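Please open the model in the viewer and keep the selection panel at hand. The tour proceeds by selection, one stop at a time.

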Amino acid sequence: GASIGAAIALKIELTAMPEMVALLNAFGGGASALVAGAVLVGESNPSTQTTVATVVSGIIGSVTFWGSLVAFDKLRGLILPDRPVIFRGQQVLNGLLVLTALGLGGMVVSDPGTIQFYIGVVTVASLLGVLLTIPIGGADMPVAIALLNSYSGLAAASTGFVLSNNVLIITGSLVGA
């Protein structure tokens, strides 16, 4: 990881730093969701704390991963336009996605052995991450990236609860704050 980070740091221009931060946020959020999911799969009888923290990691980590990739793309101008992408009923759809993710999260907590519920949480939260970020224009994207950076810290902190790792909880909370 250090060698990859050093190589990237040497090649990225300072003016491209917002895109770089967005990409690193994506990696942090995605890693949190995957690690929490792996713990859920690996434990035969996870505690309620573990399952709740896994759901939080899955939701925040997936929103962070996909939201950060959208932010990176909008700044780079690869696929999406840098202008806001808005459609009718977008906020209602986002609200329904939040409720669906929370409902699936409740199912994970009540039946942690059914991994399809966690996959559903991650899938719905991934869609939410895209839809929450596309209405943000290019000029406002650095603010969105700062918020997504905070989200990556919160995802890491919740993964610290999944792993019972105090260092991850503390450092994730610092980044989140």
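The stops below follow a helix, two of its neighbours, a loop and a surface patch.

This is a predicted model, in which local features need pLDDT of at least 70 and side-chain atom pairs count only at pLDDT 80 or more, while totals for chains, interfaces and linings use all residues. Residues are numbered from 1 along each chain as its sequence is written, and side-chain values use heavy atoms, with hydrogens and water left out.

**Helix α5**

Select residues 115–133, which form α5. Helices are DSSP runs (H or I, at least four residues), numbered from the N terminus. The end C-alpha atoms of α5 are 27 Å apart, which agrees with the 27 Å that its 19 residues should span at 1.5 Å a residue; the expected span is 1.5 Å times one less than the number of residues.

Next, colour the buried residues of α5, among them Tyr-118, Val-121, Val-124, Leu-128 and Leu-131. Buried means under 20% relative accessible area, exposed means over 50%, and partly exposed lies in between (1.4 Å probe, protein chains only). What covers these residues? The cover includes α2 (17–42), α3 (48–76), α4 and α6.

**Helix α4**

Select residues 90–110 for α4, then pick Asn-94 within this helix. Asn-94 counts as buried because its relative accessibility is 10%. Beyond residues up to four places away in sequence, Asn-94 touches Leu-128, Leu-131 and Leu-132; contact means heavy atoms within 4.5 Å.

Move to Leu-96, also in α4. With 49% relative accessibility, Leu-96 counts as partly exposed. Now add Val-92, Val-98, Leu-99 and Leu-102: together with Leu-96 they make a nonpolar surface patch of about 480 Å². Such patches join nonpolar side chains (Val, Leu, Ile, Met, Phe, Trp, Tyr) within 5 Å, and like charges within 9 Å, from residues with over 30% relative accessible area and no salt bridge. A salt bridge is a side-chain nitrogen of Lys or Arg within 4 Å of a carboxyl oxygen of Asp or Glu.

**The loop after α5**

Select Gly-137, in the loop between α5 and α6 (141–163). Is Gly-137 buried or exposed? Its relative accessibility is 11%, so Gly-137 counts as buried. Leaving aside neighbours within four places in sequence, Gly-137 is in contact with Asp-82, Arg-83 and Pro-84. The C-alpha atom of Thr-48, 89 residues away along the chain, is separated from that of Gly-137 by 40 Å.

**Helix α6**

Finally, select Ser-150 in α6. Ser-150 counts as buried, at 16% relative accessibility, and touches Val-175 and Gly-176, not counting residues up to four places away in sequence.

Definitions and conventions:
Helix = DSSP H or I, 4+ residues; strand = E, 2+ residues; numbered from the N terminus. Areas by Shrake-Rupley, 256 points an atom, 1.4 Å probe, with all protein chains shown as cover.
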